[in-house]
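Here is a short note on this protein–DNA model, set out as numbered points. Please read it beside the coordinates.

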2 protein chains.
Amino acid sequence: MSKRKENSSNSINRDYIIECDLTYAICLVGGRWKLLILCRLEEGAMRFSELRRSIPNITERMLTLQLKELERDGLVRRTVYAEVPPRVEYELAHVAKELIPVWKQLSDWGQRHRNCRMQAVKAS
Amino acid sequence: MSKRKENSSNSINRDYIIECDLTYAICLVGGRWKLLILCRLEEGAMRFSELRRSIPNITERMLTLQLKELERDGLVRRTVYAEVPPRVEYELAHVAKELIPVWKQLSDWGQRHRNCRMQAVKAS
DNA sequence: CTCATTACTTACAAATTTGTTAGTACCATA
DNA sequence: TATGGTACTAACAAATTTGTAAGTAATGAG
């Protein structure tokens with residue numbers, strides 16, 4: 001999401017894709033780490049380092065990038081406390097909270113789907 | 001989704017990501033075109049060429065790729081009719097139909113979010 | 001015999017996303 | 001003075017996704 005080439009077919013298609021409310025929504029929470037981050041914030045605000053520790057595989061760079069995008073897109077609120085060592089907290093914005101029931105359902109569906117698949121594999 | 005390098009951190013992280021039911025679900029329908037395709041199939045089966053025409057910007061290659069993945073993941077059923085010229089129809093599998101209400105909600109959320117954003121921009 | 005249609009496939013290239021490594025500034029503590 | 005914690009940033013490289021352009025096989029119509 002850094003530098004994008006304008007007028008590449010690729011970016012033209014991205015623009016086309018987000019005309020649809022559904023794919024627009026998916027773009028906001030898509031990417032490898034975003035929903036994982038959002039889930040962590042469900043219980044309340046967390047510091048950068050807490051998030052980092054709670055998602056072992058993510059790198060600092062990726063966490064920073066994704067948090068920045070989430071903030072830019074209004075899904076996450078960032079609060080800096082003027083302390084030393086620095087303290088920065090992230091929490092779900094209102095719109096993101098509205099999404100919680102939806103991602104619960106998606107998660108349930110994912111679980112069911114996974115089970116179906118496993119059955120299918122067993123049967124073959 | 002073609003050749004992947006095993007043991008790259010990238011693919012290790014993908015495996016990690018799909019341990020969570022939610023991100024697993026998102027992976028199944030993620031990618032630029034999948035949900036757009038699934039939406040088209042909501043009303044019933046469609047031929048390859050119909051799909052292609054109904055999504056003007058997609059290339060044949062992308063459509064083929066995404067349909068293959070959707071089929072592999074059990075979201076779409078593919079039926080070949082032994083005719084000439086060939087006729088191949090795609091339709092939502094049962095699991096995918098279960099997802100319809102969820103993507104409706106996501107779509108509604110997307111619309112609301114988009115409106116909020118526009119207001120925010122106007123206000124600034 | 002030539003052309004058109006359908007549903008693809010292939011080889012390649014461009015663009016984007018993700019990961020690696022090292023570095024920053026601030027201050028507290030040992 | 002050296003080290004450690006916090007929340008990052010920057011330069012670079014690797015991996016993956018997406019797009020381009022051309023080609024395939026079967027057959028029917030003209």
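**Notes on the two DNA strands and the chain pair**

1. DNA strand C has 30 residues around it, and S9(B), N13(B), E60(B), R78(B) and Y90(B) come nearest. A residue counts as near a molecule or strand if one of its heavy atoms lies within 4 Å of it. Sugar or phosphate holds 74% of the atoms of DNA strand C within 4 Å of the protein, and bases hold the rest.

2. Basis of the values. This is a predicted model: local features need pLDDT of at least 70, side-chain atom pairs count only at pLDDT 80 or more, and totals for chains, interfaces and linings use all residues. Residues are numbered from 1 along each chain as its sequence is written, chains are lettered from A and ligands numbered from 1 in the order in which they are written, and side-chain values use heavy atoms, with hydrogens and water left out.

3. Polar contacts to DNA strand C. A polar contact is a pair of N or O atoms within 3.5 Å; within protein, one must be able to donate a hydrogen and the other to accept it, and residues adjacent in sequence count only if both atoms are side-chain atoms. R78(B) places a side-chain N or O atom 2.5 Å from a phosphate oxygen of the strand. V88(B) uses a backbone N or O atom, 3.4 Å from a phosphate oxygen. R61(A) reaches a base oxygen of DNA strand C, with a polar side-chain atom at 2.7 Å.

4. Elements near DNA strand C. Two or more residues each come from helix 1 and helix 5 of chain A, and from helix 1, helix 4 (48–54), helix 5 and strand 3 (87–92) of chain B. Helices (H or I, at least four residues) and strands (E, at least two) are DSSP runs, numbered from the N terminus. Helix 5 of chain B gives the largest share, four residues.

5. DNA strand D. Here 31 residues surround the strand, and the closest are S9(A), N13(A), E60(A), R78(A) and Y90(A). Sugar and phosphate make up 74% of the atoms of DNA strand D that come within 4 Å of the protein. R61(B) has a side-chain N or O atom 2.7 Å from a base oxygen of this strand. Two phosphate contacts may be checked: a polar side-chain atom of R47(A) at 3.0 Å from a phosphate oxygen, and one of W33(B) at 3.2 Å. Helix 5 of chain A supplies the largest share of the surface near DNA strand D, four residues.

6. How are the two chains related? Chain B falls on chain A with an RMSD of 0.1 Å after a turn of 180° and a shift of 0.0 Å along the axis. The copies are thus related as by a two-fold rotation axis. The superposition is by least squares on the C-alpha atoms of residues with pLDDT of at least 70 in both. In chain B, V102(B) comes closest to the axis, at 3.3 Å (C-alpha).

7. The chain contact (heavy atoms within 4.5 Å) takes 44 residues from chain B and 44 residues from chain A. Of the interface residues of chain B, 100% are also interface residues in chain A, so the copies meet through the same surface.

8. Between them, chain B and chain A bury about 4300 Å², 63% of it on carbon and sulfur atoms. Buried area is the accessible area (1.4 Å probe) that two parts lose on being put together, summed over both. L22(B), R32(B) and W109(B) supply 17% of the area that chain B buries against chain A, more than any other three residues.
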